Amino acid sequence: SICDSCNYESFPKFNTCPKCKSHDISDKEMPHTGKIISYTLSYESMPGFEHELPMSIGLIKLDNGVNIVSQLVDSEVEDIKINANVKSVFRKINADGNSGQIYYGYKFKVINA
């Protein structure tokens, strides 16, 4: 979202601007690139993610200054470091074993800039 009164941007979407309290809010697509500002490697997983160990989770500062948390994928562990450039990628998140429904979403990968 973006506040049309003060230009504050945020993800996830908000209905009242946390900065100026305006309700004059519009949808805005977030940038697809940013930098890692912090990260962790998890060696334990939630059910269904055992094949993704170690799981890399990053705090990403998007190019517009918005911070988000995302899984880091398709990247060598040694390339995951603070200030590394990243871009969003559309990846499978999970599959429902009973219905066969597949869930997709955005994750991030390290890019060489």
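A search of the whole structure, which is a predicted model, finds three aromatic pairs. Begin by selecting F90 and Y104, whose ring centres are 5.7 Å apart and whose planes stand at 15°, so the pair is stacked. With both residues displayed, follow the backbone from one to the other: F90 belongs to strand 6 (residues 85-95) and Y104 to strand 7, so that the pair links distant parts of the chain, 14 residues apart. Y104 is partly exposed, with a relative accessible area of 47%.

Next, add Y106 to the selection, since ring pairs link F90, Y104 and Y106 into a cluster. Then show the surface and include I102 as well: F90, I102, Y104 and Y106 make a nonpolar surface patch of about 460 Å². Strand 7 gives the most to this patch, with three residues.

Stay on strand 7, which covers residues 102-110, and move along to K109. K109 is partly exposed, with a relative accessible area of 22%; a value under 20% would have counted as buried. Which residues is K109 in contact with, once its neighbours within four places in sequence are left aside? Selecting V73, D74, S75, N85, V86, K87 and V89 displays these contacts. For V73 in particular, the C-alpha atom is separated from that of K109 by 5.2 Å, although the two residues are 36 residues apart along the chain.

One of the contacts of K109, D74, deserves a stop of its own. Select D74 in the loop between strand 5 and strand 6, and look at its backbone, where phi is positive at about 55° although D74 is not a glycine. Most residues other than glycine have a negative phi. Now turn to the side chain, which forms a salt bridge with R91, the closest N and O atoms being 2.5 Å apart. D74 lies in the loop between strand 5 (67-72) and strand 6, whereas R91 lies in strand 6, so the pair ties together parts that are 17 residues apart in sequence. Both partners are partly exposed, D74 at 48% relative accessibility and R91 with a relative accessible area of 30%.

The structure holds three salt bridges, and the remaining stops of this kind lie towards the start of the chain. Select K28 and E9, whose side chains meet in a salt bridge at 2.9 Å, N to O. This pair links distant parts of the chain, 19 residues apart, with K28 in the loop between strand 2 (25-26) and strand 3 (33-42) and E9 in the loop between strand 1 (2-3) and strand 2. The two partners fall into separate accessibility classes: K28 counts as partly exposed at 37% relative accessibility, while E9 counts as buried at 18%.

Then select D27 and K13, where the side chains meet in a salt bridge of 3.3 Å, N to O. Because D27 lies in the loop between strand 2 and strand 3 and K13 in the loop between strand 1 and strand 2, the pair ties together parts that are 14 residues apart in sequence. Here D27 counts as exposed at 62% relative accessibility, and K13 likewise counts as exposed at 56%.

Remain in the loop between strand 1 and strand 2 and centre the view on P12. The peptide bond that joins F11 and P12 is cis, with omega at about 5°. Most peptide bonds are trans. In this loop, N7 can be selected as well; its phi is near 70°, a positive value in a residue other than glycine. N7 counts as exposed at 55% relative accessibility.

For the last stop, select C6 and C17 and display their sulfur atoms. Why are these two cysteines not joined by a bond? The sulfur of C6 is 3.7 Å from that of C17, its closest cysteine sulfur, and this is too far for a bond, given that a disulfide requires the sulfur atoms to lie within 2.5 Å. By this rule the count comes to zero disulfides. C17 is buried, with a relative accessible area of 0%, whereas C6 counts as partly exposed at 25% relative accessibility.

Conventions. Residues numbered from 1 in each chain as written. Predicted model: local features only at pLDDT ≥ 70, side-chain atom pairs only at ≥ 80, totals over all residues. Heavy atoms only, no water. Helix = DSSP H or I, 4+ residues; strand = E, 2+ residues; numbered from the N terminus. Buried < 20%, exposed > 50% of the residue type's maximum accessible area, 1.4 Å probe, protein only. Contact = heavy atoms within 4.5 Å. Patch = residues over 30% accessible without salt bridge, like charges linked within 9 Å, V, L, I, M, F, W, Y side chains within 5 Å. Areas by Shrake-Rupley, 256 points an atom, 1.4 Å probe, with all protein chains shown as cover. Salt bridge = Lys/Arg side-chain N within 4 Å of Asp/Glu carboxyl O. Phe/Tyr/Trp six-rings, centres within 6.5 Å; stacked < 30°, edge-to-face > 60°.
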